Amino acid sequence: MTDNPAPTPGRWAARALARLAADAVPTPLRTLRLPALPDLDLHVKDESAQPTGSVKHRLLRELFRAAVEDGALGEGMPVVMGSGGAAAVAGAYHARLLGLPFTAVLPRTAPAAVRDRIAAHGGRCATGQLPPAAVLDEARALAERTGGHFLDHFAAARRPPDGPGPMPGLAAELLDGLRDARHPVPRWLVTGAGTGATSASLGHHLRAHRLPTRLAVADPEHSAYFPAWASGCDAYATGMPSRIPGIGRPRTEPGFRPDLIDLVVPVPDAASVAAMRWLHRTAGLACGPAAGTALWAACHLAARLRADDVAGSVALLAGDGAEPYRATHLDAGWLAGKGLDPAPYEALLERFARTGEWNWPHPEG
């Protein structure tokens, strides 16, 4: 008999699940008060505080947990996923947490900053040779060749209509943080949509608990979600990539659940940048452009509540941090090259906070 028996799949899985559970630390919930709206509060769930700086961290932790619990992911098994953004960074982080090799198949257009962040977490990057939309197929093929586990975060975002959603604890954590607020049940929750996992999780929780809170999705330019929701066409496609990383898609994804959404608010990309900058300047929150998209929609909804003389609160999910965007959305030259001028929208936000006046969609008027 030996003193140190050989490891078993069960022992490894138990350690892996314990590490994933220890990583699940609540993120801050911050309150913004607008001087011109004394009866309304804006609450910001700051997911940029996640270890990889994005709400995708939650989704990837849940996907790793489910794969370990199901026995689909075991000790030493390579993990492969196809993504060119924050999801791949979170995948690299969690793979290293469990001691697993990780490869992200990236589209050729993936920024160098994303590659650097994946490498910083011990991951390897492979460049897809087919069009960007085909990186999932290339990642799947690589996993098959190497005997690895293919982590499809788009398909995994889909859950049965009566399921708890891909991130079951997010809504409960957010609402629990409002328990002692002066308006503990918000009038609106606002988030962006990428895979659809976040909005589906929030919407399912609201319906399952019969809460009066309504759910709004903030959608950037070129995305398929607003026209799909407005037209009722589940397979809508624009064929154009989003300029706001993490949210917006050129086609609707399987995880998008329009039946759980009360409103989709289209947001100009320049307004997303303006709101991101305004949030940093006024509240000290260094969030990214997807957070700006959600903030712009939240201000629009707060203005509607004020116009209806309704007191209450609006809570929004700030899904990303600012650091990855120093050379893009925070760079004046990059913005000019993309034809994005946030100045008129920043002026509108300043005026809204000061006077309550909200004249979007015509800020220049």
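In helix α1 of this predicted model, the residues Trp-12, Ala-13, Ala-16, Leu-20 and Asp-23 are buried. Looking down the axis of α1, one finds these buried residues within an arc of 95 degrees, so they line one face of the helix. The points below begin with the rest of this helix, and then turn to two sheets, the cysteines and a second helix.

**Helix α1**

- Helix α1 covers residues 9-23, which makes 15 residues, and the distance from its first C-alpha to its last is 21 Å, close to the 21 Å expected at 1.5 Å a residue.
- The buried residues of α1 pack against two other helices, namely α2 (56-70) and α3 (86-97).
- Ala-21 and Ala-22, by contrast, lie on the other side of α1, where they are exposed.

**The sheet of four strands**

- Strands of a sheet pair through backbone hydrogen bonds, and this pairing can be either parallel or antiparallel.
- Four strands form an open sheet, in which the order is β5-β4-β3-β6 and the pairing is parallel.
- At the edges of this sheet stand β5 (124-127) and β6 (149-150), each of which pairs on one side only.
- Strand β3 (residues 79-82) runs parallel to β6 and is joined to it by two bridges, and in one pair of bridge partners Val-79 is matched with His-149 of β6.
- Helix α3 packs on this sheet, where it touches β3 and β4 (102-106), and the direction of α3 makes about 170 degrees with that of β4.
- Another helix, α5 (residues 135-146), lies across β3, β4 and β6, and it runs at about 165 degrees to β3.

**The sheet of six strands**

- A further open sheet has six strands in the order β1-β2-β10-β7-β8-β9, and its pairing is mixed.
- Its edge strands are β1 (29-33) and β9 (263-267), and each of them pairs on one side only.
- From one strand to the next, the twist of this sheet averages 25 degrees.
- Within the sheet, strand β7 (residues 188-192) pairs with strand β8 (residues 214-220) in the parallel sense over five bridges, and Thr-191 stands opposite Val-217 in β8.
- Helix α11 (residues 289-307) packs on this sheet and touches β2 (40-46), β7, β8, β9 and β10 (312-318), while its direction makes about 170 degrees with that of β10.

**Cysteines**

- A disulfide is a covalent bond between the sulfur atoms of two cysteines.
- The structure holds zero disulfides.
- Cys-125 is partly exposed, its relative accessible area being 26%, and Cys-233 also counts as partly exposed, at 33% relative accessibility.

**Helix α8**

- Helix α8 (residues 197-208) has twelve residues and reaches 16 Å from its first C-alpha to its last, a span close to the 16 Å expected at 1.5 Å a residue.
- This helix is mostly covered, since ten of its twelve residues are buried.
- The buried residues of α8 include Ala-197, Thr-198, Leu-202, Gly-203, His-204, His-205 and Leu-206.
- Among the elements that cover the buried residues of α8 are the helices α2 and α7 (170-177), together with the strands β7, β8 and β10.
- After α8 comes Arg-210, a residue whose phi is positive, near 50 degrees.

Technical notes
Residues are numbered from 1 along each chain as its sequence is written. This is a predicted model: local features need pLDDT of at least 70, side-chain atom pairs count only at pLDDT 80 or more; totals for chains, interfaces and linings use all residues. Side-chain values use heavy atoms; hydrogens and water are left out. The expected span of a helix is 1.5 Å times one less than its number of residues. Buried means under 20% relative accessible area, exposed over 50%, partly exposed in between (1.4 Å probe, protein chains only). The arc is that of the directions from the helix axis to the C-beta atoms. Contact means heavy atoms within 4.5 Å. Two strands pair if DSSP finds at least two bridges between them. Axes are lines fitted to C-alpha atoms, for helices over the stretch in contact, and angles run from 0 to 180 degrees between N-to-C directions. A disulfide is a pair of cysteine sulfur atoms within 2.5 Å.
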